[in-house]
Structure formats: C-alpha cells, structure tokens
Amino acid sequence: MKRILSLLMSALLLAALQAPAQDDQEAARQTRENVDASVRTDQASQQQVEAWATERAGLQARHRQLEMDLAFLERRLARERTTAAALEAKVTEFERRLVESERLTESLEDTLSVLVERLEHAVATDLPFLPGERSARLAALELELGNPDSSSAEKLRRVLEAYQVEAGYGGTVEVVVSTLNVGGEEVRADVLRLGRLALFWATPDRSRVGLYDPAAGAWTELDSGARRAVLQAMDMAARTRPVEVIGLPLGRIEP
C-alpha cells in the first residue's frame, strides 16, 4: 500500500513538474505563431508598400511624360496659330489684291474702250490710206474687247499693237495703185503716201497729178506746175531716182 501511495505521489509530482513545461511549450508555440504572423503581416505590408512605390514611380513618370507631351503640343499649337495667322494675313492680302485687280480690270476695260474709240476717230479723220487693212484691224479690236474669254492683258496687248502699227505708218513711204474719186470722176492712179503727212496721186500716163486735201476731205487735182515735183517724189519712193530735197505742195492743213 505504501508502495502504491509512493508511486501515486511520484506520478503526481511528475505531473506537477511536467505541467509548467507543457505550458511553456504552448506559450512558446503561440509566440512563434504570433511572430510568424507579424512577419507575414510585415512582409505583406512591405510588398504592398513596394507595389505602391512602383505604381507611384510609374504614375510620376507618366505624369512627367504627359507634362512633356503637353508642353510639346502647346508649342506646336503656338506654331500652328502663328502659321494660321500668317495664312489668314495672306488670304486677306490676296482678297484685297483680287478686289483691286477686279477694280483695275474694270478700269482697264473702260480705258481700252476709250483708246479704241480714239483710234477709230483718228483713223476716220486721217488720210485715207489702206482703208481695208485699217478697218479690219479696228473691227478685230472691237471683237477682242467684247470677248469674255480674252484676258485684260491680251486686250491691252492688242490695243497697243494697233497703236504701234498706226504710229509706224508715220515713218514709211509707199506707192500703191487705187481708184480715186476726183471731183466726181473716177480716176485710176498711182498713190504716193508720205508717212502720215500727205497723199499724192498721178495717172499712169503721168499727165495728171493731184493730192488729198485733208481740209476738204477730198481728192483734188493739182496744176501742171506741181506735176514735176510729184513725179520726182514718186520715182524716189519707187527707188528709181536718187533721193534729193524737193518741194511738194501739201495743201491746206486746216480748213
């Protein structure tokens, strides 16, 4: 019995001695679990912080890039606005020039009409030489001025050309054959034109000579005293006689 009690007491003592050891192990285990949980929490927090830092760095980089893109676009926009302003200025200038060109064109058309009218009057009141050629030129000018497809520059060129031709007549001498009305009589004669100064005529047999009287607006016959000078002038114009100074009757210049 004593032996049994001894054994029981020993077991109780052993149990008493083992109980604190088991509690310490449980506490140690719990502590390790808590520490592991804290470590895991810290690791998770660190990973989250690192992820946030990475995301923040990416956002900052993107923000800087967007700021650079914005600055580039603003500079480009400024250049485009400058270009647009320059183009608008050019358009305005072109429009002004167009209006001015239209105004000048209208003014030029009026001026050309006046010039042609003056030329027609000058031809009508001039010595009656080359009537067919000169009338055809004036008719062509009238058609040119009325042609909507012809440019103002071309019309001006044609008018100036006509004036140049007419002016050129003043420096030329020629002899042509024509039929004249002399005092109601038709006379076949050689007509000498001295520039735009005078017209003389002589019959083919050289028995009669005369001139065009601008004051009277008619062909007239000269007396025999002027026949020699007129015939000499005709020979010089035909290059059958050396050129020399002679006196010719020019008739009345004014009425």
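Helices in this tour are DSSP runs of H or I with at least four residues, strands are runs of E with at least two, and both are numbered from the N terminus. With that in hand, please keep in mind throughout that the model is predicted.

**Stop one: two loops with unusual backbone angles**

Begin by selecting Arg206, which you will find in the loop between E3 and E4. Although Arg206 is not a glycine, its phi is positive, at about 65°. That deserves a moment of attention, since most residues other than glycine have a negative phi. Colouring by accessibility would place Arg206 among the partly exposed residues, because its relative accessible area is 33%, which lies between the 20% and 50% limits.

Next, move to Leu130, in the loop between H1 and H2. Here too the residue is other than glycine and phi is positive, with a value near 45°. Leu130 has a relative accessibility of 26%, and therefore counts as partly exposed.

**Stop two: Glu144 and what surrounds it**

From Leu130, go on to helix H2, which spans residues 131-145, and select Glu144 within it. Is Glu144 buried or exposed? The computed relative accessibility is 12%, so Glu144 counts as buried, the cut-off for that class being under 20%.

Show the side chain of Glu144 together with those of its polar partners. One polar contact runs from the side chain of Glu144 to the side chain of Ser150, at 2.4 Å, and another joins the side chain of Glu144 to that of Arg158, at 3.2 Å. If you widen the selection and set aside the neighbours within four places in sequence, the residues in contact with Glu144 are Ser150, Glu154, Lys155 and Arg158.

**Stop three: salt bridges along the helices**

Glu154, one of the contacts of Glu144, leads into the next topic. Side chains of opposite charge can pair when their charged atoms come close. How many salt bridges does a search of the whole structure find? The search returns 17, and a few of them are worth displaying one by one.

Select Glu154 and Arg157, whose side chains form a salt bridge with an N to O distance of 2.7 Å. Both residues belong to helix H3, residues 152-168, where they are 3 residues apart, or about one turn of the helix. An α-helix has 3.6 residues a turn, so residues three or four places apart point the same way. Glu154 is partly exposed, at 26% relative accessibility, and Arg157 is likewise partly exposed, at 40%.

Keep Arg157 selected and add Glu161, since the side chains of these two residues also meet in a salt bridge, here at 3.6 Å from N to O. Glu161 and Arg157 lie 4 residues apart in helix H3, again about one turn of the helix, and Glu161 is partly exposed with a relative accessible area of 38%. Elsewhere, salt bridges that share partners join Asp126, Glu133, Arg134, Arg137, Glu166 and Arg196 into one network, which can be selected as a group.

For a further example, turn to helix H1, residues 2-124, and pick out Glu93 and Arg96, which are 3 residues apart and so separated by about one helical turn. Their side chains meet in a salt bridge of 2.6 Å, N to O. Glu93 is partly exposed at 28%, as is Arg96 at 46%.

**Stop four: helix H4 and its cover**

Finish at helix H4, residues 227-237, where Ala229 is a convenient place to start. Ala229 has a relative accessibility of 14% and therefore counts as buried. Not counting residues up to four places away in sequence, Ala229 touches Ile246, Gly247 and Leu248; a distance drawn between the C-alpha atoms of Ala229 and Ile246, which are 17 residues apart along the chain, should read 6.6 Å.

Now select the whole helix. Why can H4 be described as largely enclosed by the rest of the structure? The reason is that 8 of its 11 residues are buried, namely Ala229, Val230, Leu231, Gln232, Ala233, Met234, Asp235 and Met236. To see part of what covers these buried residues, display strand E1 (173-182), strand E2 (185-194), strand E3 (198-202) and strand E4 (209-213). Last, step just past the end of H4 to Arg239, which takes a positive phi of about 60°.

Note on methods
Residues are numbered from 1 along each chain as its sequence is written. This is a predicted model: local features need pLDDT of at least 70, side-chain atom pairs count only at pLDDT 80 or more; totals for chains, interfaces and linings use all residues. Side-chain values use heavy atoms; hydrogens and water are left out. Buried means under 20% relative accessible area, exposed over 50%, partly exposed in between (1.4 Å probe, protein chains only). A polar contact is a pair of N or O atoms within 3.5 Å; within protein, one must be able to donate a hydrogen and the other to accept it, and residues adjacent in sequence count only if both atoms are side-chain atoms. Contact means heavy atoms within 4.5 Å. A salt bridge is a side-chain nitrogen of Lys or Arg within 4 Å of a carboxyl oxygen of Asp or Glu.
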